[in-house]
Amino acid sequence: MTFDRYLARASAIHRLDPRVKVVVTLVFILSVALLPAGAWAAYGLGFAAVMAAAVAARLSPWLIVRRSLLGLPFLLAAVTILFIPGRV
């Protein structure tokens, strides 16, 4: 069973130490999670950073968007929480 095809690329991102990539990813996730609600400019910068990393890794931005669709059900579930009345 194969979930995704391996894409061998030669880029600066691919040559980085895996530990560096894990730490950078965790810092990025934490920084986005700690943003205040409605910080749309910061969300846009985060999206631009992901796209810049994809370009630096010589990956197609379309590939990143397609893989991001896997998280769409979770995003939709999180958005519905915004419309539930009550204290947040």
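The packing of two helices and the lining of the largest pocket are described here for a predicted model.

Two packed helices can be characterised by the angle between their axes together with the distance that separates those axes. In the present model, helix H3, spanning residues 40-56, packs against helix H4, spanning residues 61-68, at an angle of about 125 degrees, and the two axes lie 9 Å apart. H3 is therefore oblique to H4, since angles that fall outside the ranges under 35 degrees, over 145 degrees and 65 to 115 degrees are assigned to that class. The crossing in which H3 passes H4 is right-handed. On the H3 side, the contact is formed by Val50, Met51, Ala54 and Val55, while H4 contributes Pro61, Ile64 and Val65. In composition, the residues of this contact comprise seven nonpolar ones, with no polar and no charged residues.

The largest pocket holds about 1400 Å³ of space. Its lining is made up of 31 residues, of which Phe28, Gly46, Phe47, Val50 and Ser68 are the closest to the centre of the pocket. Two or more lining residues are supplied by each of helix H1 (12-15), helix H2 (18-33), H3, H4 and helix H5 (72-82), and the largest share, eight residues, comes from H3. By residue class, the lining of the largest pocket divides into 24 nonpolar, six polar and one charged. Val50 accordingly appears in both descriptions, as a residue of H3 in the contact with H4 and among the lining residues closest to the centre of the largest pocket.

Notes: Residues are numbered from 1 along each chain as its sequence is written. This is a predicted model: local features need pLDDT of at least 70, side-chain atom pairs count only at pLDDT 80 or more; totals for chains, interfaces and linings use all residues. Side-chain values use heavy atoms; hydrogens and water are left out. Axes are lines fitted to C-alpha atoms, for helices over the stretch in contact, and angles run from 0 to 180 degrees between N-to-C directions. Helices (H or I, at least four residues) and strands (E, at least two) are DSSP runs, numbered from the N terminus. A crossing is left-handed if the near helix is turned anticlockwise from the far one by less than a right angle, and right-handed if clockwise. Contact means heavy atoms within 4.5 Å. Ala, Val, Leu, Ile, Met, Phe, Trp, Tyr, Cys and Pro count as nonpolar, Asp, Glu, Lys and Arg as charged, and the others, Gly among them, as polar. On a 1 Å grid over the protein atoms alone, a cavity is a set of points where a 1.4 Å probe fits but cannot get out, and a pocket is an open set with protein on both sides within 12 Å along at least five of seven lines; lining residues have an atom within 4 Å of a point. Grid points are joined across faces, edges and corners, and a volume is the space filled by probe spheres set on the points.
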